[in-house]
Structures are given as structure tokens and as C-alpha cells.
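Student: Could you walk me through how the helices pack in this one, and where the empty space and the charged pairs sit?

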Amino acid sequence: MNSLQSKVALFNRELNMKLDSNLRILDLSSEIGEVCKLGFSDGVGKTVTADKWQEELGDVLYSLLSLMSDFDIDADESLDFVLNKYSSRLAFRNSMDSGSK
């Protein structure tokens, strides 16, 4: 478990932030929605500050790491797996998509 994931897990334990996994998933979805809103705002000429991006992306990171910890998924191992998967796809298909379209 990486230091960020450990920090989040400790924070959640210390503040008794144990939630049902369905609520964690909804929270993550909501936070991703906030990032989408920023992206669309930025695209229509409304300037979004770096501080606001940092805040919203931090919310997504917290929610994701909390969910991964709840499922006992190591974020480092998961990222390594995905990077290897994408590398293989690029080597064989010159694309990172799953090819299931």
C-alpha cells in the first residue's frame, strides 16, 4: 500500500469514516461529476483556477483511495497492472483502448 493510500486509510480509521462500499462508489461518482463540471466550465470560457482543480481532483483521489482500501486493493499494484496492460495494448495494437468497441 502506498503512502497516500495509507494516509487515507489511517484518516478514515481515526475519524471512524467506515462507509458501506455502495456509498463510497456514489461518493466517487459524485466527485468525478464535479471534475466533469469543471472541465465543461473551462471549455465554455469560464476560467477554472489551479486551486479549484487541485481541490476537486483531491476529492476524487481521496474517494478512490478510500474505496480501494475498503476492498483491500493495493493502489500501487493496481496501477502497475494497468500500466502493463496499456503497454501491451500499445505494443500489439498501437492503441490503449480495450478493443471491445
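**Helix packing, pocket and salt bridges**

Tutor: Sure, and keep in mind that this is a predicted model. To start, the axes of helix H1 (residues 3-14) and helix H3 (residues 50-70) cross at roughly 80 degrees and come within 9 Å.

Student: Is H1 roughly parallel or roughly perpendicular to H3?

Tutor: The crossing angle of H1 and H3 is roughly 80 degrees. Angles of 65 to 115 degrees count as roughly perpendicular. So H1 is, relative to H3, roughly perpendicular.

Student: How many charged residues are in the contact of H1 with H3?

Tutor: On the H1 side you have Leu4, Gln5, Val8, Ala9, Phe11 and Asn12, and they meet Leu61, Tyr62, Leu65, Ser66, Met68 and Ser69 in H3. Sorted by class, the contact has eight nonpolar and four polar residues, and the number of charged ones is: no charged residues.

Student: Which element gives the largest share of the lining of the largest pocket?

Tutor: That pocket holds about 170 Å³ of space. It is lined by 10 residues, and the closest to its centre are Ala9, Asn12, Arg13, Ser69 and Asp70. Two or more lining residues come from each of H1 and H3. The largest share is three residues, and the element that gives it is H1.

Student: How many residues of that lining are charged?

Tutor: Split the lining of the largest pocket by class and you get three nonpolar and two polar residues, while the charged ones number five.

Student: How many residues apart in sequence are the parts that Lys18 and Asp70 tie together?

Tutor: Searching the whole structure turns up five salt bridges. In one, the side chains of Lys18 and Asp70 meet at 3.9 Å, N to O. Lys18 lies in the loop between H1 and helix H2 (21-43) and Asp70 in helix H3, so the pair ties together parts whose separation in sequence is 52 residues.

Note on methods: Residues are numbered from 1 along each chain as its sequence is written. This is a predicted model: local features need pLDDT of at least 70, side-chain atom pairs count only at pLDDT 80 or more; totals for chains, interfaces and linings use all residues. Side-chain values use heavy atoms; hydrogens and water are left out. Axes are lines fitted to C-alpha atoms, for helices over the stretch in contact, and angles run from 0 to 180 degrees between N-to-C directions. Helices (H or I, at least four residues) and strands (E, at least two) are DSSP runs, numbered from the N terminus. Angles under 35 degrees count as roughly parallel, over 145 as roughly antiparallel, 65 to 115 as roughly perpendicular and the rest as oblique. Contact means heavy atoms within 4.5 Å. Ala, Val, Leu, Ile, Met, Phe, Trp, Tyr, Cys and Pro count as nonpolar, Asp, Glu, Lys and Arg as charged, and the others, Gly among them, as polar. On a 1 Å grid over the protein atoms alone, a cavity is a set of points where a 1.4 Å probe fits but cannot get out, and a pocket is an open set with protein on both sides within 12 Å along at least five of seven lines; lining residues have an atom within 4 Å of a point. Grid points are joined across faces, edges and corners, and a volume is the space filled by probe spheres set on the points. A salt bridge is a side-chain nitrogen of Lys or Arg within 4 Å of a carboxyl oxygen of Asp or Glu.
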